[in-house]
Amino acid sequence: MIIAVASGKGGTGKTTVATALAQALAHADISVSCLDCDVEGPNAHIFIRPTLDHHKNVDLLIPEVDADLCNGCGKCAEVCQFHAIVVLGGQTLVFPELCHGCGSCTLVCPEKAITEVPRTLGILEGGLSPDGINFGHGLLNVGEPMAVPVITQLKSWRDYMDAEVVILDSPPGASCPVVESVRGADFVLLVTEPTPFGLHDLRQAYELTQEVDIPAGLIINRDGIGDPGVDVYCQEVGLPVLMKIPLEREIGQGIAQGKTLLEIHPEYQDAFQTLYAQIADLAANGGDR
Amino acid sequence: MKQLVILSGKGGTGKTSVAAAFAHLLSLDDAPFRTVLADADVDASNLELVLSPKIITRESFRGGLYARIDWNTCIDCGICEQVCRFDAIGDTSRPQFHRLAARRVAQSDTPSSPIPELPIVDPIACDGCAACVYQCPVDAITMHDQVVGEWFRSESRYGPLFHASLRPAQENSGKLVTLVKQQARLLALDEDYDLVLVDGPPGIGCPVISAVSGADMALIVAEPTAAGVHDMHRVLETTAHFGVQSLVCINKADIYPKGAAEIEAFCREQAVQVVGRIPFDTTVTEAMVQGQPVTLFAPDAPSSRALLEVWGQVTALLQNGVSP
């Protein structure tokens, strides 16, 4: 079962929830892997503390033009939708940062002058945590715009997807990196805080789950601040609220120090196991829609 | 005219609360700049929630080309599926694609059953590369664009505001960020504004790169937590990579003093100026719930006083022409 944790907005406690759920399952002897898909700012490793002893480059195959074979016909530039190839004065130039690695240029070149060479966009790191969580994350290189290929390759790395439960910590927002993270998930666990900002972004995230047709449920974090807007919205659209985590200085301070929710409050162990059972239930029913 | 972008590496650090406070302070009579505001967090545009803008112009944003296969022409040769590197084309016998096909058939003018066993494109997975279009031997595939969002010019209580909203599950947020910033800049140039204040998106990827490009200065809002320190490193590397001068302010500075000290030590080492420490203050949330900048809602709150200080330092540094 694949559970993606998403939120629309950053800083709502996605990583807090994802790591607590992973730990609770690991403590209950369920085989679990956790993949941090927020490749722009991965943080889950700080809490899960894995030994990151596996590394792998994330490469995108980009075209390289053999000037001896190229006759400057411009077919490659014509088919490139991202303006990553131009032909100037009979010379074919490649702009690697714009290339999405689709391979269209290679396919159309009549002279077979294009080969594809790897360009490194980032790196994957993975390893086992002390409590037995199979952990992995991706790091997008600084200055690199495209996060999606890093997420795609993270999700297909080694045997991470084989665990009984795979938890994906998604990036914030509701656009392409989030879609890539939640794609193929059986359930999306949304996390928000009960404020107007939280509600605004929750709407986006919930609509995204509808768009990709995956059942969803919500955890309200920092319960007690803000206003009842989020509760009202959940009732309106029928989004089940599965758990509320209160606003507590102790939790905030613990997380600031890099502790997980279960380390701060071990009594959440049961709550998260119950949560897992609820998710399994909802995912099973959602599959029939 | 200068451009100041507020960034954080991560959402939820208080970027928008800082931007809203700045917008308020910059609108006061003795403010050193006349300012145009731009919300570049098009995924989660929250600035509008505190600035009560009145929309003046509304334009749709088209983007996200995707492929579509005409089943009347398709000969089911499978080439499109082979060449697609984004796993966006699949035969309707695969469950994910079967669901798509069922929806498409139901929406068509002449709903038929059973669902034809032919390839179909998942528009959300489609990257718009059109490789399939060029490889299809019978020209059964065409590219289509769609409205994926909107952008707005508004009049906010603190001056002109440019903002946008991207529909959920859409791409091209970097392009929309560029568009919003361009519009803000054009107005600033046309009407002699001194400053474009940009509330940036989280992360370090494509929308952030769009938000940073052309900025004179970046104010990075950092949280003194184990995760926050890590995020700040990454965003500082990004601004350095693009040659944009950065300042740091620490929000919720007192929740974890050791983290705050770590941020300060790191900034000293990197010669990045720390322009303030904003204490953890529930007044900020109360102000947000009321839809007001905290500096307006409670000018004497500890957070407001700290923000006034940060604002003073940032505007002084901007005025003295830190960046040519």
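Student: In this predicted model, are Tyr206(A) and Tyr233(A) buried or exposed?

Tutor: Tyr206(A) is buried, and Tyr233(A) is buried too. That label needs a relative accessible area under 20%.

Student: What makes Tyr206(A) and Tyr233(A) an aromatic pair?

Tutor: Their ring centres are 6.3 Å apart. The cut-off is within 6.5 Å. So 6.3 Å passes, and the two rings pair.

Student: Why is the pair of Tyr206(A) and Tyr233(A) called edge-to-face?

Tutor: Look at the angle. The planes stand at 85° to each other. Edge-to-face means over 60 degrees. Therefore 85° earns the name.

Student: What does the pair of Tyr206(A) and Tyr233(A) tie together?

Tutor: Tyr206(A) sits in helix H7 of chain A, residues 196-211. Tyr233(A) sits in helix H8 of chain A, residues 229-237. The pair therefore links parts 27 residues apart in sequence.

Student: How many aromatic pairs does the structure hold over all chains?

Tutor: There are 2 over all chains. One of them is formed by Tyr268(A) and Phe272(A).

Student: Why is the pair of Tyr268(A) and Phe272(A) called tilted?

Tutor: The centres are 6.2 Å apart, and the planes make an angle of 55°. Under 30 degrees would be stacked, and over 60 edge-to-face. The value of 55° fits neither, so the pair is tilted.

Student: Where do Tyr268(A) and Phe272(A) lie?

Tutor: Both are in helix H11 of chain A, residues 268-286. They are 4 residues apart, about one turn of the helix. Tyr268(A) and Phe272(A) are both buried.

Student: How do you know that Asp29(A) is exposed?

Tutor: Its relative accessible area is 72%. Exposed means over 50%. So 72% qualifies. Asp29(A) is in the loop between helix H1 (14-27) and strand S2 (32-36) of chain A. Asp29(A) also has a positive phi of about 60°, although it is not a glycine. Most residues other than glycine have a negative phi.

Student: Why does Asp213(A) count as partly exposed?

Tutor: Asp213(A) has 28% relative accessibility. Buried is under 20% and exposed is over 50%. The value of 28% falls in between, so Asp213(A) is partly exposed. Its phi is positive, near 65°. Asp213(A) is found in the loop between H7 and strand S10 (216-223) of chain A.

Student: What makes the surface patch with Glu191(B) negative?

Tutor: Its members are Asp190(B), Glu191(B), Asp192(B) and Asp194(B). Asp and Glu count as negative, so the patch does too. A patch member needs over 30% relative accessible area. Glu191(B) has 39%, so Glu191(B) clears that cut-off.

Notes:
Residues are numbered from 1 along each chain as its sequence is written. Chains are lettered from A and ligands numbered from 1 in the order in which they are written. This is a predicted model: local features need pLDDT of at least 70, side-chain atom pairs count only at pLDDT 80 or more; totals for chains, interfaces and linings use all residues. Side-chain values use heavy atoms; hydrogens and water are left out. Patches are made of residues with over 30% relative accessible area and no salt bridge: like charges are joined within 9 Å, nonpolar side chains (Val, Leu, Ile, Met, Phe, Trp, Tyr) within 5 Å. Accessible areas come from the Shrake-Rupley method with a 1.4 Å probe; for residues, only the protein chains shown count as cover. A salt bridge is a side-chain nitrogen of Lys or Arg within 4 Å of a carboxyl oxygen of Asp or Glu. The place of a charge is taken as NZ of Lys, CZ of Arg, CG of Asp or CD of Glu. Buried means under 20% relative accessible area, exposed over 50%, partly exposed in between (1.4 Å probe, protein chains only). Rings of Phe, Tyr and Trp (its six-membered ring) pair if their centres lie within 6.5 Å; planes under 30 degrees apart count as stacked, over 60 as edge-to-face and the rest as tilted. Helices (H or I, at least four residues) and strands (E, at least two) are DSSP runs, numbered from the N terminus.
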